[in-house]
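Below are some notes on the model, set out as numbered points. Please read them alongside the sequence and coordinates.

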Amino acid sequence: MGRGRVQLKRIENKINRQVTFSKRRSGLLKKANEISVLCDAEVALIVFSTKGKLFEYSTDACMDAILERYERQCCVEEELVGTDQESQGNWSLEHAKLKAKVEVLQRTQRHMMGEDLESFNVKELQNLEHQLDTSLKHIRSKKNQLLYASISELQRKEKALQEQNTILGKKVIYFPQLKKLVALVGYRHMSTKSKRDQGERTRNGAIGSAAAVKPGTKFV
């Protein structure tokens with residue numbers, strides 16, 4: 001059978017307690033030295049006996065340097081913890097403020113919708129009515145502004161379309177006249193060419209007839 005777990009408790013016998021302290025202290029110092037050598041760690045060990053006697057061990061660095069480093073590290077951790085706690089406190093406060101604002105806005109929205117008005121007196125109802133009237137005025141003003149802008153845009157587009165229609169109308173009127181003018185010019189050109197060709201044929205015919213008459217021929 002394996003050994004059972006030994007229950008740790010104070011040794012009542014003074015001699016046995018002193019012997020155990022001496023053995024365990026030596027083993028603790030040995031382990032501290034081993035972890036320092038094997039793992040290249042800085043180790044500082046402080047042990048006080050029952051009578052207040054000091055036993056210490058430190059690596060190559062002196063004990064004071066290791067303790068100073070320990071104090072700096074503790075200060076840094078305390079500052080980080082304090083910062084985290086302060087940050088958590090700030091976030092909690094900010095969350096509470098935002099939650100209160102949301103509740104106020106939700107309650108105001110319900111009042112604007114005519115809900116949860118049982119606790120209102122006449123003065124509070126009049127104030128709420130005044131707020132609603134003011135809101136309606138702003139809404140109507142914004143709506144009219146948008147309508148006027150839309151009407152102005154439509155008028156601008158209508159004017160542009162009218163100008164385009166006027167230009168197209170002028171083109172439609174001008175096109176038949178241009179077509180007639182082109183036809184007339186073409187007709188005159190063809191007539192002139194036809195007359196010129198006829199004249200050339202007449203001249204050529206006359207020349208041919210003159211060449212056909214023999215010299216000495218008398219005409220009666």
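1. The largest nonpolar core in this predicted model has six residues: Ala32, Val43, Leu45, Val47, Phe55 and Tyr57. Strands β1 and β2 are the elements that give two or more residues to this core. In soluble globular proteins, nonpolar side chains tend to be buried together.

2. Strand β1 covers residues 44-48, and its pairing with β2 is antiparallel, over five bridges. Within this pairing, isoleucine 46 lies opposite glutamate 56 of β2. Five residues separate the strands of the hairpin, where glycine 52 has a positive phi near 90 degrees.

3. Which residues of β2 lie on the covered face, and which on the uncovered one? In this strand, residues 54-58, Phe55 and Tyr57 are on the covered face, while Leu54, Glu56 and Ser58 are on the uncovered face. Phe55 and Tyr57 are also members of the six-residue core.

4. Phenylalanine 55 has contacts beyond its neighbours within four places in sequence: Phe21, Arg25, Leu45, Ile46, Val47 and Ser49. Of these partners, Leu45 and Val47 are listed in the core together with Phe55.

5. Serine 49 belongs to the loop between β1 and β2. Is this loop residue buried or exposed? Its relative accessibility is 16%, and buried means under 20%, so serine 49 counts as buried. With neighbours within four places in sequence left aside, serine 49 is in contact with Phe21 and Phe55.

6. Serine 36 is placed in helix α1, residues 14-39. With a relative accessibility of 13%, under the 20% limit, serine 36 is therefore classed as buried. Residues up to four places away in sequence not counted, serine 36 touches Ala41, Val43, Tyr57 and Thr59. Val43 and Tyr57 are core members, so the contacts of serine 36 include residues of the largest nonpolar core.

7. How many disulfides does a search of the whole structure find? The search finds zero. Cysteine 75 is in no disulfide, and the nearest cysteine sulfur, that of cysteine 74, is 7.0 Å away. A disulfide needs the two sulfur atoms within 2.5 Å, so this separation does not qualify.

8. Two cysteines can be placed by accessibility. Cysteine 39, at 54% relative accessibility, counts as exposed because the class begins over 50%. Cysteine 75 has a relative accessible area of 42% and is partly exposed.

Conventions
Residues numbered from 1 in each chain as written. Predicted model: local features only at pLDDT ≥ 70, side-chain atom pairs only at ≥ 80, totals over all residues. Heavy atoms only, no water. Buried < 20%, exposed > 50% of the residue type's maximum accessible area, 1.4 Å probe, protein only. Helix = DSSP H or I, 4+ residues; strand = E, 2+ residues; numbered from the N terminus. Pairing = 2+ DSSP bridges. Core = buried A, V, L, I, M, F, W, Y, C linked by side-chain atoms within 4.5 Å. Contact = heavy atoms within 4.5 Å.
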